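Q: I am new to this structure and would love a close look at a single part. Could you walk me through the sheets of the longer strand-bearing chain, and then show me how they sit in the wider picture?

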Amino acid sequence: MGRTSKDKRDVYYRLAKENGWRARSAFKLLQLDEEFQLFQGVTRAVDLCAAPGSWSQVLSQKIEGGHVVAVDLQAMAPLPGVLQIQGDITQLSTAKEIIQHFEGCPADLVVCDGAPDVTGLHDVDEYMQAQLLLAALNIATHVLKPGGCFVAKIFRGRDVTLLYSQLRVFFSSVVCAKPRSSRNSSIEAFAVCQGYDPPEGFIPDLTKPLLDHSYDPDFNQLDGPTRIIVPFVTCGDLSAYDSDRSYPLDLEDGSEYKYTPPTQPPISPPYQEACTLKKKGQLAKEIRPQETPINIVDVLPQPLAVPPRHTLLTSEVEDSDMNCSP
Amino acid sequence: MDAHEEYVWPRATSELILLPVTGLECVGDRLLAGEGPDVLVYSLDFGGHLRMMKRIQNLLGHYLIHGFRVRPEPDGDLDSQAMVAVFGSKGLRIVKVSWGQGRFRELWRSGLWSVSDWIWDARWLEENVAVALGHNSVVLYDPMVGRTLQEVHCTDRCTLSSACLIGKTWKELTMVAGAISNELLVWYPAATSENEPVAPDRRVSGHVGVIFSMSYLESKGLLATASEDRSVRIWKVGDLRVPGGRVQNIGHCFGHSARVWQVKLLENYLISAGEDCVCLVWSHEGEILQAFRGHQGRGIRAVAAHEQQAWVITGGDDSGIRLWHLVGRGYPGSGVSALCFKSRSRAGTLKAVTLAGSWRVLAVTDTGALYLYDLEVKCWEQLLEDKCFQSYCLLEAAPGPEGFGLCAMANGEGLVKVVPINTPSAVVDLTLFQGKVYSLSWALRGYEELLLLASGPGGVVACLEISAAPSGKAIFVKERCRYLLPPSKQRWHTCSAFLPPGDFLVCGDRRGSVMLFPSRPSLLKVPGVGSKAGPGLLGVSDSSGGGGSTSAEWGPVSTLSSLHGKQGVTSVTCHGGYVYTTGRDGAYYQLFVRGGQLQPVLRQKSCRGMNWLAGLRVVADGSMVILGFHSNEFVVWSPRSHEKLHIVNCGGGHRSWAFSDTEAAVAFAFLKDGDVMLYRALGGCTRPHVILREGLHGREITCVKRVGPITLGPEFEVPNFVQPDHLEPGSKGPGLIDIVITGSEDTTVCVLALPTATGAAHALTAVCNHISSVRTVAVWGIGTPGGPQDPRPGLTAHVVSAGGRAEMQCFSIMVTPDPSTPSRLACHIMHLSSHRLDEYWDRQRNRHQMVKVDPETRYMSLTVCEPDRPGPDPLVAAACSDGAVRLFLLQDSGRRLQLLAETFHHKRCVLKVHSFTHEAPNQRRRLLLCSAATDGSLAFWDLTTVLDHGSAALEPPAEPGLPYQLGNPCLTLQAHSCGINSLHTLPISAGHHLVASGSEDGSLHVFVLAVEVTELEEAAGEAERGPQLRVLEEYSVPCAHAAHVTGLKILSPNLMVSASIDQRLTFWRLGHGEPIFMNSAVYHVPDVADMDCWPVSPEFGHRCALGGQGLEVYNWYD
């Protein structure tokens, strides 16, 4: 292993570093644009959940003379030509701050590549991702001009059809797109929603969060044949690098490999203090009894509350569970 | 869709779920555990242990359980019945259960209440339940009527990551909400009269990460929070029900090395558990009192405590449940004591220490004096003094419960002294060599035979026979024979043991080799004659012998050279028909002896970072523990529970040390600061903690493969405590058991037994010799241990597993009945071979200075192609992430893996390979291979031609040593627009095959493939032409699933089943044009990576195992 192994495992990670992108996800937006011409005629754009800022980088480069607002909960290193707001998009105050930049002249494009830090509990992660998307959608309903476009990351898990049905309410066209730079092994995809067209009489309301839809026995069933599954589009042409393939360090174009350090390391992650303490060996440690040596063996150590042998329940009881027998 | 009605079959029902344990709660003397939508009920038995009582299935529908809230009973009696609110995701259900007299009954259950938002917490308010929802609102619900009574929002409707409800009535209800912005918001839902939003009363900030869990201790006015920032904070909040109170952060506890998922405040402790799989017990002042380690994988998800019993119960992501004993502050546990050797009356400094049993310590000084410390007498006593042992002295006590009362010393001049500890005057001296004695070791056979082995110069090992006079007052030492070790720089033995029944000795040496010597070589009839490996006289020497009576030196009859590498073997142990060796390479080996030859079975690694293994013990309950040194600590580690049972900070393994364990106690003695230090712990090496349920894999399951069934007779009937009402009449006993193999990202391969009768899963064994994640397994050569004629039940198979770092492992499994285990089965594993594409790299000398240019290839999928027998060896085809399809030959039943051919046809990551055979009347059987890549293309290859000798299908390699090039595919097909994640085929009518593939875009592609073979005149010596492949009918279902289709199986020409990451198992009708949706079932395992289906029996129907972040088994009747 070593520092080159990630370069080999993921060609887009390496290309991003070599091209000065803050994250490999820049390629995803570029490939989405290739397919949908997202940036055509766009002058005003919002990047929600922008950190570390690769999508803002793409937006500021592709929208010449445009106006880009980037929002994130986490601190982000500054970018030229991008207005930054730090705050939680699910909170009223942040939403108001974003909207006030677009009062009178709405945005053409709202993008959101945010994902919560995954906890590994799949249902929680999928829910949190959906809330992030709905919060972004809520903001989009305030700032997006009619006919505008909304692009957001989705996790295609169990309840993704509920999100599709939600997005269909607001947009005339919703497709699920997967750029080739997004790995096959990843459940992420992008909802590309074009033609913003809120239902008649819809009044955007920031004080009420948009809640996810529920399964509907008529048009979006939990386990029936009728489900809202939007068309799937693969973006980026076949000549693009394959994100799942492991490439040798010498790529075919003949360029020689040189290690490039990451463009923008994370700024003050939540675990920073814990890591510093760990490095200094200052994490709290268990008080071990043997670390306070007794000098005279007058009293032999007392037994722990040791249960009798063969307390392994699994060997006595048969049940629907895992037993390990050597 | 009219035809729909008649095709409602088959209906799949969930039979077994193994998921992370996400909810735990102690109720009286019961424990409730939530796993997926099911509740497991454990009850306290008479011995004070929890045992499984019942599994309540499918309580929350397709939601997963995240918590339980028990309704407080006015009389406080929860021993006979309880009302429990079970919640998770967006669902809540109330169940009333009774569990008196050891019998569990479900008395009542409410309807499933589906809420519009995520439920973070629930609380009983008398007869009603209040729930805290995902966007900072509180709902009051009447479960009896099933009606929402009130819904109140906070003015700040941010997304929450946790919440905690406090109070006994709606009036005093307090909501503590953990917002995504890392703040705590305290507000009072009852503060509004008109359902107006309520403003937060207090905002508390401090954490720099999201808050995952909260716990409030009313009696002390404390609140504890666990966060993403890896810390736990303790807040002094007073009575939170009183608005406007002061909140003060009184503790900021850093102790976890990853995010903290759970926190729980008890009267005197604080329990926290997290992603680092550690459960910490803190004092309220922020000191760590205990740390519980042992869960595997991505952390501990649930914590419960039983304060009266002083138990902490943890549930892991690995679906394991463990019970730990709280011992409190400054517990009188095991400790290290100095034995105060230094004294004016005792001259010299200590050189070596040993233990005779666990209560007698022996030590020698540099004055050649041998001392005894008896733990019962508690004083040092000099046994003898011999100036010859001044400068160099080895000391080893004999094994056995009390060390047989013997110890041996050896010096630099070839002198060995055997000392009876009780009668030191009866000491026996022997001069064995003319040079230094390099090592001493004992070998004991029952109570009948005791040998002492001493290594001298030139690799000569003298074997001494020790016996005692009937009076017990004298001992006799007689040299029996001499052995000769294979040449090496440091040529001495390190350890020895008798191989039962006792004809051979197993020895390990400093060079890492393990050898087998005859224990009585003189009894062998014709020494030196026979096979090459047979016993032989390697040298005749009476010139070197200083007092020895034997003149011959015997070589090993079998040697495993450098098994443990250059650092040497540290111990040999014989147990249960196997030999176990440990070494300083961090590994322990299982070996066995067949036909007088040592054969390695399996290499296992110990816990991470422990590279110096020192020994292995079999403890009373039959499990093994490993002794070793982990940096400067001596560790007793249990591979079964992954726990460090004992940790002694001794300073490392280079000093003189000794370990002894009896059933009553363990002892570890070592030299430190010129004194003998002794660690003692009563209770031996048995684990003080209890595993209520073993975990499965620590990380995602990447592949599932069914091997075959075993049918056990009624004599193996398992006592069944669970769900006797669910058993079909006449299907008693374990009956049919399916053996399934799973591979996981945690680098292990697991063999599971899934009985059809009990709905249980038993992990029979785990193979952990992969260095990176396991992504795929393939099985071949399935048979029975006794061959086809033998009626005894059993199953054998060969398995090849592969995954990251381009590594492949081959092993065989043999599953046989074993009434002594809970599963009634035993699984024996034999490692056959391993292969790595970049093996050459590890042999490079200065590789740390070079950049490895090779791609880090991962194997994505494997398939075994078995030609007709007898014939060529089977092939295994691998889909590789570097864009290649590689073919390997499995020679000698898998004992040799050889790369035969490769092709870079796909030029992209190849995701799947699948092999199938084409059979037609009057034609030879043909092997075909189908490969699929990330661009959605399929390629078909003819392997029969490849295997033919002199075939032109293989282009010779450009350079010798490289593999052949596999020519052009027979057929290519663009089936999907993006990656293909599942592939299956089924032969249908003559010459036709049904091929189905599922893709990342959720689409299915089904087509009929025609295979036409034109046979040419073989007599002319011309090779036959390859088969012609054509696509006949082709159908596509674009939006079959909402995510990757990762499992696909054509069950019959008109039935297909597919599984996807969108958690639906869907049946499709085939054969009438486009596949037609029949029905689907929502399953609970997220991120399903693989599926296997198989028919079980006509009565039982089909079974289907889904592996992802957990394992689920479905079944359906045909």
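A: Let us start with a term: two strands count as paired if DSSP finds at least two bridges between them. Please keep in mind that this is a predicted model.

With that in hand, look at chain B, where 4 strands make up an open sheet in the order β35-β36-β37-β38, and their pairing is antiparallel. Its edge strands are β35, residues 394-397, and β38, residues 428-431 of chain B, and each of these pairs on one side only. Neighbouring strands in this sheet are turned against each other by 15° on average, direction ignored. You can follow one pairing in detail: β35(B) is joined to β36(B), residues 406-410, in the antiparallel sense over 4 bridges. Within that pair, L395(B) has M409(B) in β36(B) as its bridge partner. As you trace a strand, a general point helps: in a regular strand the side chains alternate between the two faces of the sheet.

Now step back along the chain to another sheet. Here, too, 4 strands form an open sheet with antiparallel pairing, this time in the order β31-β32-β33-β34 of chain B. The edges are β31 (350-356) and β34 (379-385) of chain B, each pairing on one side only. In this sheet the average turn between neighbouring strands is 25°, direction ignored. Inside it, β32 (residues 360-365) and β33 (residues 369-374) of chain B are antiparallel partners over 5 bridges. One residue pair to find there is A363(B) with Y371(B), its bridge partner in β33(B).

Further along chain B there is a hairpin to visit. It is formed by β57(B) and β58(B), with 3 residues between them. The two strands, residues 657-661 and residues 665-672 of chain B, run antiparallel and are joined by 5 bridges. Across the hairpin, S660(B) stands opposite A667(B) in β58(B).

How does this fit into the whole chain? Chain B has 2 helices and 89 strands. Its radius of gyration is 34 Å, close to the 32 Å that the globule rule gives for 1118 residues, so chain B is as compact as a globular protein of that length. Taken along the principal axes, its C-alpha atoms fill a box of roughly 100 × 95 × 65 Å.

Finally, a look at the empty space. A search of the whole structure finds 10 cavities of 30 Å³ or more. The largest cavity holds about 200 Å³ of space. It is lined by 20 residues, and those nearest its centre are T90(A), N138(A), L206(A), P209(A) and R157(B). The largest share of this lining, 5 residues, comes from α6(A). By type, the lining of the largest cavity divides into 9 nonpolar, 8 polar and 3 charged residues.

The second largest cavity has about 160 Å³ of space. Of the 17 residues lining it, D317(B), H697(B), R699(B), Q1109(B) and G1110(B) lie nearest its centre. The lining of the second largest cavity is made up of 6 nonpolar, 6 polar and 5 charged residues.

How values were computed: Residues are numbered from 1 along each chain as its sequence is written. Chains are lettered from A and ligands numbered from 1 in the order in which they are written. This is a predicted model: local features need pLDDT of at least 70, side-chain atom pairs count only at pLDDT 80 or more; totals for chains, interfaces and linings use all residues. Side-chain values use heavy atoms; hydrogens and water are left out. Axes are lines fitted to C-alpha atoms, for helices over the stretch in contact, and angles run from 0 to 180 degrees between N-to-C directions. On a 1 Å grid over the protein atoms alone, a cavity is a set of points where a 1.4 Å probe fits but cannot get out, and a pocket is an open set with protein on both sides within 12 Å along at least five of seven lines; lining residues have an atom within 4 Å of a point. Grid points are joined across faces, edges and corners, and a volume is the space filled by probe spheres set on the points. Ala, Val, Leu, Ile, Met, Phe, Trp, Tyr, Cys and Pro count as nonpolar, Asp, Glu, Lys and Arg as charged, and the others, Gly among them, as polar. The radius of gyration is taken over C-alpha atoms; the globule rule is 2.2 Å times the number of residues to the power 0.38.
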